[in-house]
Amino acid sequence: MKAATVAGTLRSALRQALLALGVGTPVLLGAGWLVDGVPGVWGAAIGIALAAGFMLVTTVVSVMTASASPTVMAAAVLGSWLGKMIVLFVVLALLRNEDFYSRIVLFGVVVLTVIGVMAVQTRVILTSRVPYVDTTTASSEPDTGDEPARPGVDPEAGDAVDTAPAASRSGSDQ
């Protein structure tokens, strides 16, 4: 089995989450209809849009910054999180006094969608074969041919250094 890259794994997680949303959306809309009619459908649609948007934006940002430095990736993910929080608060503030949607269905669908998308993405990431160590990059230290330092040996003097704790030394040394 071939080892995957981080970006490839994230793209796979994004594709499979979109597929799960494609399959789950009609089911959730139908459940919303059964629970509360048209307001239930609106609650389900808003819940799917909020939860899926919130979850998938992070994955998209991660895919886009997978080859960047960890600092750039962290900044991008944090910035996207801040943007998502602003959008979430604005949408919830706009919906606060509206009665065309079912709040109960919205809540249930948000919870189910978040759990579903997280389960799919977690399964993809846990089953991927991304190596822990990147062996393709060259070492940053030049090879001098010297042996690595050994514990208990002073590299300057080349002789043994007493590394034993004071309690284990003989009584004459104390």
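Q: What makes Gly 43 and Tyr 101 count as residues in contact with Leu 106?
A: In this predicted model, Leu 106 is in contact with Gly 43, Ile 46, Gly 47, Leu 50 and Tyr 101, once neighbours within four places in sequence are left aside. The term requires heavy atoms within 4.5 Å, so Gly 43 and Tyr 101 each meet that limit with Leu 106.

Q: How do you know that Leu 106 and Gly 47 come together in space although they are 59 residues apart along the chain?
A: Their C-alpha atoms are separated by 4.8 Å. Gly 47 also appears among the contacts of Leu 106. Leu 106 lies in helix α3, whereas Gly 47 falls within the range of α1, residues 6–64.

Q: Why is Leu 106 called buried?
A: Its relative accessibility is 11%. Buried means under 20%, so Leu 106 qualifies.

Q: Why is Lys 84 counted as buried?
A: Lys 84, placed in helix α2, has a relative accessibility of 11%. That value is under the 20% cut-off, so the term applies to Lys 84.

Q: What does Lys 84 touch, not counting residues up to four places away in sequence?
A: Lys 84 touches Gly 53, Phe 54, Val 57 and Thr 58. A further distance relates Lys 84 to Met 55: the two are 29 residues apart in sequence and 9.5 Å apart in space, C-alpha to C-alpha.

Q: Why is Leu 92 called partly exposed?
A: Leu 92, in helix α2, has a relative accessible area of 39%. Buried would need a value under 20% and exposed a value over 50%; 39% lies in between, so Leu 92 is partly exposed. The C-alpha atoms of Leu 92 and Leu 50 are separated by 9.9 Å, with their positions 42 residues apart along the chain.

Q: Which label fits Leu 18, and why?
A: Leu 18, found in helix α1, is partly exposed because its relative accessible area of 46% falls between 20% and 50%. Its C-alpha atom is 8.7 Å from that of Ala 52, which is 34 residues away in sequence.

Q: Why is Gln 121 called buried?
A: Gln 121 has a relative accessible area of 12%, and the limit is 20%, so the residue is buried. It sits in helix α3, residues 103–127.

Q: What makes the pair Gln 121 and Thr 59 a polar contact?
A: Their side chains are joined at 2.7 Å. The limit for a pair of N or O atoms is 3.5 Å, so the distance qualifies. Thr 59 is also one of the residues in contact with Gln 121, along with Ala 13, Ala 17, Met 55 and Leu 56.

Q: How do you know that α1 is not a straight helix?
A: With 59 residues, a straight helix would reach 87 Å at 1.5 Å a residue, but the end C-alpha atoms of α1 are only 11 Å apart. The helix bends by about 145 degrees at Asp 36, and Pro 39 follows within four residues.

Q: How do you know that the end-to-end distance of α2 agrees with its number of residues?
A: The 26 residues of α2 should span 38 Å at 1.5 Å a residue, and its end C-alpha atoms are 37 Å apart. For α3, the expected span of 25 residues is 36 Å, and the end C-alpha atoms are 36 Å apart, which also agrees.

Q: What makes Leu 14, Leu 56 and Val 117 members of a nonpolar core?
A: The largest such core has seven residues: Leu 14, Ala 17, Leu 21, Ala 52, Met 55, Leu 56 and Val 117. Membership calls for buried nonpolar residues joined through side-chain atoms within 4.5 Å, so each of the seven meets those conditions. Six of them come from α1. Leu 14 is in contact with Leu 56, Thr 59 and Val 60, its neighbours within four places being left aside.

Q: Which buried residues of α3 are there, and what covers them?
A: The buried residues of α3 are Val 105, Leu 106, Val 109, Thr 113, Val 117, Val 120, Gln 121 and Val 124. Their cover includes α1. In α2, Ser 80, Lys 84, Met 85 and Leu 95 are buried, and the buried residues there pack against α1 and α3.

Q: What makes the order of elements α-α-α?
A: The chain has three helices and zero strands, and its elements run α-α-α from the N terminus on.

Conventions. Residues numbered from 1 in each chain as written. Predicted model: local features only at pLDDT ≥ 70, side-chain atom pairs only at ≥ 80, totals over all residues. Heavy atoms only, no water. Helix = DSSP H or I, 4+ residues; strand = E, 2+ residues; numbered from the N terminus. Expected span 1.5 Å × (residues − 1). Bend = angle between axes of the 7 residues up to and from the residue. Buried < 20%, exposed > 50% of the residue type's maximum accessible area, 1.4 Å probe, protein only. Polar contact = N/O pair within 3.5 Å; in protein donor to acceptor, adjacent residues only side chain to side chain.
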